[in-house]
Amino acid sequence: MNATVNATATRPRTTALALAAAVLAAASFIAMDGTVKWLGERYGTAQVTFLRFAFGTLYAVPLWLWWRTPLPTRSQWRWHLLRSALLMVALLTWFHALKTLPLVQAVGIGYTAPLFISLLAIWALGERPSRWLWAAMALGMAGVAVGLWPELGAVDAGGSEVRLWGMAAAGASALAYAGVMVVARHQAQQGGLWTILLVQNLVPTLVLAVPMWWLWEPMRISDVPMLLLMGGFATIGLVAITWAYSHVEASRAAPLEYTGLVWAALLGWLAFGEMPTGWSIGSAALIVLGCLLLLRR
């Protein structure tokens, strides 16, 4: 009897902690984006991406050594490598978008990823589409169009072409990230969290180390704390969102990821002096509404 009462009492507490973890993950990822945007003013996109994975590895290795989750088997390695390659593309394009766009605008376009995930799942996993998917896609594409409209109307204005390429990069990043998530869904429970964290930091670090031989720009020792923050925020975000989704239904945790737009607007204003425009807010609102419709599936 007492055990039943205790289980009933702790369930709401666990749910509340899981929802708080989802909010923490959203804030952590936006904080990482802020460090990337700051570093992007000093270094090239490829170097910042390499540093993101390298400093993520500094956290991933000791965490894996502590928990010792099994390494991938020979048959699992191809999926881990594919996932790592897609993640590398996603971050390269995402970091370029952060370098050229206001933070809240880049984050808004990045939230098209759930729409791409649903489309890729139809093709790759044979999932059946629903009416909610097409309604979500319509809203998401309308949101992208709203975001593009002022730039298309001012193609001759200074910097407009750069911002258009930045928006294209954010869309490409969302598509690549959707591929990461579809592969993750295919992998299911084949790998532990700490193994995935290790592989998805270490493999891109080794791959990007080759072009860094030619692209490397001299660095300041004063940037090391920011680099440590970048790797730390990325690690906290991944661990928090994984814990959240393992303790509460996805339909309850997923909407809280969109609190990232609030953090992006605040950080963009406080750290970079960026004021969200009505176009960027409207664009983000339509994209988020479309993604929320996916939860009706």
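**Group meeting: a walk through the predicted model**

Hi everyone, let's start at T49, which is buried, with a relative accessible area of 0%; buried here means under 20% relative accessible area, using a 1.4 Å probe on protein chains only. This is a predicted model, where local features need pLDDT of at least 70, side-chain atom pairs count only at pLDDT 80 or more, and totals for chains, interfaces and linings use all residues. Residues are numbered from 1 along each chain as its sequence is written, and side-chain values use heavy atoms, leaving out hydrogens and water.

T49 sits in helix 2; helices are DSSP runs of H or I, at least four residues, numbered from the N terminus. What does T49 touch, leaving aside neighbours within four places in sequence? Its contacts (heavy atoms within 4.5 Å) are L91, L92, F95 and L208.

F95 takes us to the core. The largest nonpolar core, that is, buried Ala, Val, Leu, Ile, Met, Phe, Trp, Tyr and Cys residues joined through side-chain atoms within 4.5 Å, has 47 residues, and F95, V107 and M230 have the most contacts inside it. Helix 3 (residues 74-100) gives the largest share, 7 residues. A second, separate core of 9 residues includes A18, A22, A240 and V248.

On to confidence: pLDDT, the predictor's confidence in each residue from 0 to 100, averages 86 over the protein chain, with 89% of residues at 70 or more. Helix 2 (residues 45-67) has the highest mean of the elements, 97, and helix 10 (residues 250-253) the lowest, 71. Do be careful with residues 1-9, where pLDDT stays under 50 and the model has 0 contacts beyond four places in sequence.

Note on methods
Buried means under 20% relative accessible area, exposed over 50%, partly exposed in between (1.4 Å probe, protein chains only). Helices (H or I, at least four residues) and strands (E, at least two) are DSSP runs, numbered from the N terminus.
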